[in-house]
Amino acid sequence: MLPTSMTESAPSNLTNPAPQGNGQNVSDSPVAETCIEIANFDAWYGAFQAIHNLSLEIPRNQVTAFIGPSGCGKSTLLRWINRMNDIVPTAHSKGIMRLDDLDILAKSTDVVHMRRLVGMVFQKPNPFPKSIFDNVAFGPRLHMKLRRSELEELVEWSLRKAAVWDEVKDRLHAPALGLSGGQQQRLCIARAIAVGPEVLLMDEPCSALDPASTLAIEDLIYELREQYTIVMVTHNMQQASRCSDQTAFFFEGQLVESGPTDDVFTKPKEKRTDDYVRGRFG
Ligand SMILES: Nc1ncnc2c1ncn2[C@@H]1O[C@H](COP(=O)(O)OP(=O)(O)OP(=O)(O)O)[C@@H](O)[C@H]1O
């Protein structure tokens with residue numbers, strides 16, 4: 001059973017602080033609905049093709065892990081899902097990438113709006129050099145018109161959801177950079193969910209953390225999928241098997257196979273997957 005803080009719904013009078021999808025938990029539904037559709041997707045850096053004709057459906061309210069050896073294109077794909085590669089001048093792509101009805105790759109898509117729907121958490125926690133409160137309030141101040149009391153309510157809701165409220169509630173106006181690495185990463189998750197995303201992208205979110213903080217973030221990821229669709233890049237096979245529902249294995253810019261995590265780990269269809277998950281290369 002989830003702790004109270006994780007089951008509370010968002011403050012009712014706020015503008016879209018909760019996920020903007022249908023909020024349906026996949027465990028109530030026999031067939032997972034697709035949240036992100038990727039079809040015939042190719043991506044390049046200049047003339048170098050980093051992703052080849054990749055098609056994948058990412059189910060709603062599940063954790064999907066991207067695994068594969070270094071340089072196989074996991075981060076490239078993740079970064080296209082919220083157009084982070086727009087800032088890389090040589091990066092270009094073609095194919096289909098949709099979040100529900102939103103065409104992620106279309107030039108006409110409002111990237112600021114899209115990034116509200118698709119939040120990102122990075123390898124190294126990257127709080128702003130501001131207070132804990134101001135980190136979480138940053139997005140809502142930019143996107144929502146809230147009264148002070150509403151903003152305070154939303155900051156508390158987000159910090160509770162990210163399972164860090166109890167540790168920071170007495171020092172909300174202290175610098176975020178004074179928190180431990182694990183607390184900073186949970187703060188970054190709170191900052192990401194404060195604007196009401198549907199999807200959380202996580203690029204090796206635990207790689208800079210100690211084992212105890214890693215377990216805390218893994219528990220959090222698993223619980224957050226009740227409300228968000230999560231896509232996580234990880235090099236840690238135990239982590240993928242502990243906290244993902246679906247796993248996609250990439251090799252040299254291609255998707256080798258994807259499916260329920262148990263199947264990919266215990267009865268993979270492809271020999272390359274079997275070799276990788278058993279640690280024979282990588
Ligand atoms: N900004 C860039 N400019 C040029 N090439 C890039 C750039 N970013 C990534 N690449 C190349 O694209 C390929 C895929 O890289 P990517 O970072 O997506 O792999 P990855 O699977 O996430 O690797 P890792 O697990 O090491 O993070 C690699 O060959 C990489 O060198």
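In what order do the four strands of the open sheet stand, and is their pairing parallel or antiparallel? The points below take up this question and then turn to the helix that packs on the sheet and to the ligand.

1. The model is predicted. Its protein chain holds 11 helices and 10 strands. Of the 282 residues, 43% count as buried. Among contacts between residues at least 6 apart in sequence, 70% join residues at least 24 apart.

2. UniProt, in an unreviewed entry, lists residues 36–277 as "domain: ABC transporter". Over residues 36–277 the chain is 38% helix and 27% strand. The C-alpha atoms at the two ends of that stretch are 25 Å apart.

3. The opening question can now be answered: the order is β2-β1-β4-β5, and the pairing is antiparallel. The edges of this open sheet are β2 and β5 (102–103); each has a single partner strand, so one side of each is left without a neighbour in the sheet. As general background, strands of a sheet pair through backbone hydrogen bonds.

4. At the β5 edge, β4 (residues 91–99) and β5 are joined by two bridges in the antiparallel sense. Arg 98 stands opposite Asp 103 in β5. Helix α2 packs on the sheet and touches β1 (34–45), β2 and β4. The direction of α2 makes about 65° with that of β2.

5. Is helix α2 mostly covered or mostly open? Helix α2 spans residues 74–81 and is mostly covered, with seven of its eight residues buried. The buried residues are Lys 74, Thr 76, Leu 77, Leu 78, Arg 79, Trp 80 and Ile 81. A student may note that this list includes Lys 74 and Arg 79. In general, an α-helix has 3.6 residues a turn, so residues three or four places apart point the same way. Just after α2, Arg 83 takes a positive phi of about 60°.

6. Which residues are closest to the ligand? The ligand is surrounded by 13 residues, and the closest are Tyr 45, Ser 70, Lys 74, Ser 75 and Thr 76. Two elements, β2 (48–59) and α2, give two or more residues to this shell. Helix α2 gives the most, with three residues. By type, the shell divides into five nonpolar residues, seven polar and one charged.

7. Helix α2 links the two topics of this note. It packs on the sheet, and it also gives the most residues to the shell around the ligand. Lys 74 and Thr 76 are buried in α2, and both are among the residues closest to the ligand.

Definitions and conventions
Residues numbered from 1 in each chain as written. Predicted model: local features only at pLDDT ≥ 70, side-chain atom pairs only at ≥ 80, totals over all residues. Buried ≥ 20, exposed ≤ 12 C-beta atoms within 10 Å, placed from the backbone. Near = placed C-beta within 6 Å. Nonpolar A, V, L, I, M, F, W, Y, C, P; charged D, E, K, R; others polar. UniProt positions renumbered as here; feature names shortened; annotations may be inferred. Pairing = 2+ DSSP bridges. Contact = placed C-beta atoms within 7 Å. Axes fitted to C-alpha atoms, helices over the stretch in contact; angles between N-to-C directions.
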